[in-house]
Amino acid sequence: GEAVRLLPHSETRPWAGVVEQGAAVASGHPRVGYSDAVVPAERTLGSAAAEAEAISAEDLREICATGRPHSAVREVVETTLMLLGFRDSKWSTAQAYLEQPRAFLEKLRTFDASSSVSKLQYQKLCRSLTSAQGAFDLALIASPACAGLVRWCRAVGELLARRYGVGEPLRVEAQRDGQRSELPGDSQSQSPEAQEAREAQVAQEAQEAATYRSQEGLQQQQQQQQQQHLPGQGSNSPAAALGDLEVSPDIYSMSAAELRCVRDLSVRKPGVGEVTFHGEIDLMHERRVLEELPAIVRLEPGEVNLYPAPGTKPAEGEGLNRPATITLFQCKPPNNGAFPDADSKARYRERIAKMTEAKGARFVDYDCDHGIWQFRVDHF
């Protein structure tokens, strides 16, 4: 947990601008500093690996579940993805990676930062670590689940500082377990008035991060309450009012996460017909489908009617107004399909196919013997 400072490997000053910016950070703000001892490569490499091992899948899930993360949290996650070599490291993309925490952790734990990070990537890392806004420290307040990623980034910084070298001691402080190291000369670098103003700014930023975290916790609590009262629970739920309709998959027993991606929803009335809606539908967004399904889908012998109430049908692609396959039973020919010969049966089937196409649907099949008619539509 102690701070370590690395000796420069070069007399050039490619980091002068960054160093001077970091020098303006007052002592009241936690930073990372390096001691005058050169850190062995084995130690820093081992530290990065150890920090990666310490990150849990639960931490990543908690970060991913944050709909609108604090800007500091976004910067930590985006910096991590940048170091790992992801071309698109924006938050929207990061969420997709974090939704698969095991795969992400595997990449993190097998990543060789000593040979895989370019100098340009290292420069970007240093700019984030030496930010005057102290994003990495604010991230710890806004989201404690970020602590593992913060420590990993800092360990990678220590490792790469030895490889690439710097013209001035970088102001990057390893803050572990609530401890911080003072950098010599910090208190003399600014006037008392400037120090007081900076301390007030830091206190305000910390308060904003704490407030954000409190609001985030309230949002999560509200989401949990919504999940506890999802449609389909209780005797007065839509599931209890389905009547003779059957739904597959059982959307009324799904979690909120599962409802966001329901594939090939089917509504069936035994002995009458069935409608299968193709593709994925977000039923957390289309909650009306959950709450009013019996009023939306009407299956009667020989016909199907969606959104029968005037003015209720949504635009194409919304709700259940989407591509579907319809299967209708009880559609037998006259005389219960008693055709005199095979040609008569074939001609009748052809008539059904033409009638289907004339109505703007695509004919799939018609079973004269059992009275089963199947066709597809692009919308209703």
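## A starting point in the sheet

Let us begin with one pair of residues: Leu265 stands opposite Phe277 in strand S3. This pair belongs to a predicted model, and it opens the way into a sheet that we can explore strand by strand.

Strand S2 and strand S3, the latter made of residues 273–281, pair in the antiparallel sense, and seven bridges link them. The two strands form a hairpin with three residues between them, and in this hairpin Gly271 takes a positive phi near 80°.

## Ser266 and its surroundings

Next, look at Ser266, which is found in strand S2, residues 262–269. Is Ser266 buried or exposed? Its relative accessibility is 11%, so Ser266 counts as buried, the cut-off for that being under 20%.

Which residues does Ser266 touch, leaving out those up to four places away in sequence? They are Glu246, Val247 and Ser248, together with Glu274, Val275 and Thr276. Ser248 also stands opposite Ser266 in S2. Strands S1 and S2 run antiparallel and are joined by three bridges.

## The whole sheet

Now step back to see the sheet as a whole. Six strands make up an open sheet, and following their order takes you along S1-S2-S3-S6-S8-S7, with antiparallel pairing. Strand S1 (246–248) and strand S7 (362–367) each have a single partner strand, so they stand at the edges and one side of each is left without a neighbour in the sheet. From one strand to the next, the twist averages 15°. As a general point, strands of a sheet pair through backbone hydrogen bonds, either parallel or antiparallel.

At the S7 edge, the partner is strand S8, residues 372–377; the two run antiparallel and five bridges join them. Within this pairing, Phe363 has Phe375 in S8 as its bridge partner. Helix H14, spanning residues 342–358, lies across S7 and S8 and runs at about 150° to S7.

## A helix with a buried side

Away from the strands, helix H5 (residues 91–98) is worth a visit. Which of its residues are buried? Trp91, Thr93, Ala94 and Leu98 are buried in H5. These residues cover an arc of only 155° around the axis, which puts them on the same side of H5.

Other helices help to cover the buried residues of H5, including helix H3 (57–64), helix H4 (71–84) and helix H6 (101–110).

## The chain in numbers

The chain contains 14 helices and eight strands. It has 380 residues, and 44% of them count as buried. Its accessible surface comes to about 19,600 Å², with 47% of that belonging to carbon and sulfur atoms. Among contacts between residues at least 6 apart in sequence, 70% join residues at least 24 apart.

## How confident is the prediction?

Since this is a predicted model, it helps to know where its confidence lies. The average pLDDT of the chain is 74, and 67% of the residues score at least 70. Where is confidence highest, and where is it lowest? Strand S6 (residues 324–328) has the highest mean, at 95, while helix H1 (residues 16–23) has the lowest, at 31.

Two stretches deserve a careful look. Over residues 1–43, pLDDT stays under 50, and the model has 115 contacts beyond four places in sequence for them. Over residues 232–236, pLDDT also stays under 50, and here the model has eight such contacts beyond four places in sequence.

Definitions and conventions
Residues numbered from 1 in each chain as written. Predicted model: local features only at pLDDT ≥ 70, side-chain atom pairs only at ≥ 80, totals over all residues. Heavy atoms only, no water. Pairing = 2+ DSSP bridges. Helix = DSSP H or I, 4+ residues; strand = E, 2+ residues; numbered from the N terminus. Axes fitted to C-alpha atoms, helices over the stretch in contact; angles between N-to-C directions. Contact = heavy atoms within 4.5 Å. pLDDT = per-residue confidence, 0-100. Buried < 20%, exposed > 50% of the residue type's maximum accessible area, 1.4 Å probe, protein only. Arc of directions from axis to C-beta. Areas by Shrake-Rupley, 256 points an atom, 1.4 Å probe, with all protein chains shown as cover.
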